[in-house]
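Please open the structure in a viewer and keep the sequence panel visible. The tour proceeds by selection, with a short account of what is found at each stop.

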Amino acid sequence: GAGRRDRKDRTKQKKTANFFVSSPGAFSSETRDARFQQGKFDMANVLQMQLRQDSPCLVCDISGGQVMVTNYECEDLFQASGETGRLVQRDIFSLVHEDDRDQFSQ
């Protein structure tokens, strides 16, 4: 009787409320407006993490021709720097020799 009741009371005291509360949070960036695209990470960061690091790589938005992300090797290949301007947000066609632009756009 009494010993059993004490054990039940102790068990009840050990139980704590376990729950997780989360509120939506979104951050706007230069490449993503959080009002329209929800999520913690903007697309540029996600793409940047997936780029290979052993060869020049870039990701371009083909609808507008804008370079979205590059890696160090690509910046180095095109000799881009703080002084000459980074490749991100540049027009992809500016990186292609003018004689090859027609063929590149097809």
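**The strand pair**

Select β1 and β2 to begin: the two strands run antiparallel and are joined by 4 bridges. Strands pair if DSSP finds at least two bridges between them. This is a predicted model, in which local features need pLDDT of at least 70 and side-chain atom pairs count only at pLDDT 80 or more, while totals for chains, interfaces and linings use all residues. Residues are numbered from 1 along each chain as its sequence is written, and side-chain values use heavy atoms, with hydrogens and water left out.

Within the pair, select C60, which stands opposite V67 in β2. Move next to the turn: β1 and β2 form a hairpin with 4 residues between them, and G65 in this turn has a positive phi of about 75 degrees.

In the same view, select I62, in the loop between β1 (58-61) and β2 (66-70). I62 is exposed, at 79% relative accessibility (exposed means over 50% relative accessible area, buried under 20%, partly exposed in between, with a 1.4 Å probe and protein chains only). Add S105 to the selection: 43 residues separate it from I62 along the chain, and their C-alpha atoms are 9.7 Å apart.

**The loop after β2**

Select N71, located in the loop between β2 and α3 (72-77). N71 is buried, with 2% relative accessibility. Its side chain reaches the backbone nitrogen of C74 at 2.9 Å, a polar contact (a pair of N or O atoms within 3.5 Å; within protein, one must be able to donate a hydrogen and the other to accept it, and residues adjacent in sequence count only if both atoms are side-chain atoms). Leaving aside residues up to four places away in sequence, N71 touches Q48, L51, R52, Q53, S55, P56 and C57 (contact means heavy atoms within 4.5 Å).

**The cysteines**

Select C57, which is buried at a relative accessible area of 16%. Why does C57 form no bond with C74? The sulfur of C74 is the closest cysteine sulfur to that of C57, but at 7.6 Å it is too far for a bond. A search of the whole structure finds 0 disulfides (pairs of cysteine sulfur atoms within 2.5 Å).

**The whole chain**

Finally, select the whole chain, which has 4 helices and 2 strands in the order α-α-β-β-α-α. These are DSSP runs numbered from the N terminus, with helices (H or I) of at least four residues and strands (E) of at least two. Of the 106 residues in the chain, 19% are buried.
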